[in-house]
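Please open the model in a viewer and keep the selection panel at hand. The tour proceeds by selections, each followed by a short account of what is found there.

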Amino acid sequence: MLNKALFLDRDGVINEYIPNNYTKKLSELYLFNYVFKVLKYFKGKGFKLIVITNQAGINKGIINYKDFVLICKYLMYYLDLDAIYFCPHKDEDNCQCRKPKNLLLKKAIQRFNIDPNLSYFIGDSYRDLLIAKSLNIKFVLVLSGQTKLKDINNWEYKPDYIIKNLKYLRKIIK
Ligand SMILES: [Mg+2]
């Protein structure tokens with residue numbers, strides 16, 4: 001049987017997005033206070049919880065890899081995630097995994113036997129929308145990160161849903 005999943009961007013969705021900066025270590029990770037409860041609820045509903053995140057700060061030498069791994073371990077354990085997929089590359093590295101490219105999403109779908117039709121991608125940026133759209137996954141934009149409501153006017157494609165933050169996901173997915 002196929003599984004359903006919540007694919008989640010990290011910065012701006014589950015923890016605070018720091019404009020023009022990076023979350024470099026655990027002490028700089030500011031989790032939104034509702035995240036634990038919301039994710040626990042959806043896990044209980046049978047959703048796989050899979051984070052897919054661009055972390056160009058790693059290849060830029062700004063984020064220490066060991067510090068990044070520590071953040072991942074903490075999130076995996078505390079939020080009971082099924083997986084974290086990350087891309088360490090910069091735009092100019094021309095990889096296949098940096099969002100909006102969808103290699104990581106494809107890998108996750110295959111590994112966890114996911115039905116895209118039953119799944120959602122939750123993100124705070126146009127890159128997130130594009131990756132979701134590329135595989136026909138419903139996209140939920142949260143306004144708790146880098147996108148303001150007026151920014152969407154300039155987007156060629158629009159989100160399927162827009163919510164203030166992850167706390168309101170329960171209004172969309174019953
Ligand atoms: Mg983000």
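The stops below cover the sheet, its helices, the metal site and a pocket.

This is a predicted model, in which local features need pLDDT of at least 70, side-chain atom pairs count only at pLDDT 80 or more, and totals for chains, interfaces and linings use all residues. Residues are numbered from 1 along each chain as its sequence is written, and side-chain values use heavy atoms, with hydrogens and water left out.

**The sheet.** Select the strands (DSSP runs of E, at least two residues, numbered from the N terminus, as are helices, runs of H or I of at least four). They include an open sheet of 6 strands in the order 3-2-1-4-5-6, with parallel pairing; two strands pair if DSSP finds at least two bridges between them. Strand 3 (83-87) and strand 6 (161-163) stand at the edges with a single partner strand each, so one side of each has no neighbour in the sheet. From one strand to the next, the twist averages 20°; axes are lines fitted to C-alpha atoms, for helices over the stretch in contact, and angles run from 0 to 180 degrees between N-to-C directions.

**Strands 4 and 5.** Next, select strand 5 (residues 138-142), which runs parallel to strand 4 and is joined to it by 4 bridges. Here Leu141 is the bridge partner of Gly123.

**The helices.** Add helix 4, which packs on the sheet and touches strand 2, strand 4 and strand 5; contact means heavy atoms within 4.5 Å. The direction of helix 4 makes about 170° with that of strand 4. Helix 1 lies across strand 1 and strand 2 (47-54), running at about 130° to strand 2.

**The metal site.** Which residues hold the protein donors of the magnesium ion? Select Asp9 (OD), Asp11 (O) and Asp124 (OD), which lie 2.0 to 2.3 Å from the ion. Donors are N, O and S atoms within 2.8 Å of the metal (3.2 Å for Na, K and Ca); water is not among the atoms, so sites may look incomplete. Asp11, in the loop between strand 1 (4-8) and helix 1 (35-44), and Asp124, in the loop between strand 4 (120-123) and helix 4 (126-134), are 113 residues apart. Asp11 is buried at a relative accessible area of 17%, and Asp124 is buried at 0%; buried means under 20%, exposed over 50%, partly exposed in between (1.4 Å probe, protein chains only).
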